[in-house]
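The following exercises concern helix packing, strand burial and the surroundings of a single residue. Each task is followed by a worked solution.

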Amino acid sequence: MTLQFPQRTAPCAPSTLRLSRKPLVSLFVLTFSCLLLTAPVMAATPASGSVMLEELTSTELRSRIDHGATTVLVPIGGVEQSGPYIALGKHNVRAGLLARQIAQKLGNTIVAPVVSYVPEGSISPPAGHMRFAGTISIPPAAFEAVLEGAAASLRQHGFRDIIFLGDHGGYQKNEQNVANKLNRAWGKASTGKEARAYALLDYYDITQSAYIAELQKRGHSSAEIGLHAGLADAALMLATDPSLVRSEAMAHGPKPGVADGVRGDATRATAELGQIGIKLQVDTSVAAIRQLLQRPK
């Protein structure tokens with residue numbers, strides 16, 4: 001961030017403030033006047049430089065596409081319970097923030113809005129995460145239709161490589177189904193809008209393999225790392241948005257278990273441990289996408 005300090009054309013002049021009549025008021029005016037003259041002016045980053053589609057105007061986006069930004073990431077999150085100490089929106093926040101980092105490293109890449117409504121299991125009778133307040137589930141067919149519509153819209157506007165980034169393990173297969181379906185349909189089309197859709201499974205898979213191995217190297221057991229809302233989950237959240245982790249309550253409150261929607265022990269989670277996973281996800285995704293973009297269309 002650049003700080004710009006305006007030049008003062010003249011010093012503050014106490015003689016003009018009539019201190020003798022109203023000393024307190026005059027002193028306040030003097031101080032306030034000096035602060036106004038010396039306060040730094042922060043130069044805001046132009047929104048047009050953002051990689052986030054929602055932060056651009058239509059005209060700005062059109063220009064970016066025309067100048068080569070034809071790759072778009074579609075981050076997919078979800079709204080699901082993660083026990084008493086991690087907020088319901090963890091997947092949405094992580095997917096959006098990591099997609100931004102990936103796009104910035106790739107260059108010429110735009111990030112679409114996060115898809116936050118995803119399959120989470122049966123609603124009635126409730127199963128899995130739906131047994132806990134706040135989880136939102138939609139049918140797999142509806143989820144796939146949303147991805148299809150979003151990808152088709154992006155293709156219509158000129159994006160040529162449309163990449164799904166799923167932050168949740170439960171719908172990875174759905175992402176693949178949609179990518180395969182779109183590529184079959186687009187391969188037969190004669191509209192001149194050549195495009196490909198991809199389900200980047202590496203983005204999620206690395207958190208279930210190399211990241212777990214790194215945590216184990218640091219002395220954390222599989223039971224502690226956990227399968228859901230354990231140390232790995234909490235650490236990733238602390239590294240992206242610590243406000244969504246109730247750290248104080250977690251340190252002093254009861255230790256939740258399966259009955260509370262938790263599989264693991266997040267007590268020793270830290271942002272530093274989470275940064276290991278974030279770096280792995282970003283670097284792995286960037287490398288995988290670069291490889292995809294080198295393939296013949």
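**Exercise 1: a covered strand**

Determine how many residues of strand β3 (residues 71-76) are buried and which strand it is joined to.

Solution. In this predicted model, β3 is mostly covered, with six of its six residues buried. Consider next the two faces: T71, L73 and P75 lie on one side, V72, V74 and I76 on the other, and all are buried. As to pairing, three bridges join β3 to strand β4 (residues 109-111), and the two strands run parallel. Within this pairing, V72 stands opposite I110 of β4.

**Exercise 2: two packed helices**

Classify the packing of helix α3 (residues 90-106) against helix α11 (residues 271-294).

Solution. The axes of α3 and α11 are 9 Å apart and make an angle of about 45°. The helices are therefore oblique to each other. Their crossing is right-handed. On the α3 side, the contact involves L98, Q101, I102, K105 and L106; these meet I278, Q281, V282, D283, S285, V286, I289 and R290 of α11. The residues of this contact comprise seven nonpolar, three polar and three charged.

**Exercise 3: a histidine in a loop**

Locate H129 and decide whether H129 is buried or exposed.

Solution. H129 is found in the loop between β4 and α4 (140-156). Its relative accessible area is 19%, and the cut-off for burial is under 20%. H129 is therefore buried. Apart from neighbours within four places in sequence, the residues in contact with H129 are E80, Q81, E120, T135 and H228.

Methods
Residues are numbered from 1 along each chain as its sequence is written. This is a predicted model: local features need pLDDT of at least 70, side-chain atom pairs count only at pLDDT 80 or more; totals for chains, interfaces and linings use all residues. Side-chain values use heavy atoms; hydrogens and water are left out. Axes are lines fitted to C-alpha atoms, for helices over the stretch in contact, and angles run from 0 to 180 degrees between N-to-C directions. Helices (H or I, at least four residues) and strands (E, at least two) are DSSP runs, numbered from the N terminus. Angles under 35 degrees count as roughly parallel, over 145 as roughly antiparallel, 65 to 115 as roughly perpendicular and the rest as oblique. A crossing is left-handed if the near helix is turned anticlockwise from the far one by less than a right angle, and right-handed if clockwise. Contact means heavy atoms within 4.5 Å. Ala, Val, Leu, Ile, Met, Phe, Trp, Tyr, Cys and Pro count as nonpolar, Asp, Glu, Lys and Arg as charged, and the others, Gly among them, as polar. Buried means under 20% relative accessible area, exposed over 50%, partly exposed in between (1.4 Å probe, protein chains only). Two strands pair if DSSP finds at least two bridges between them.
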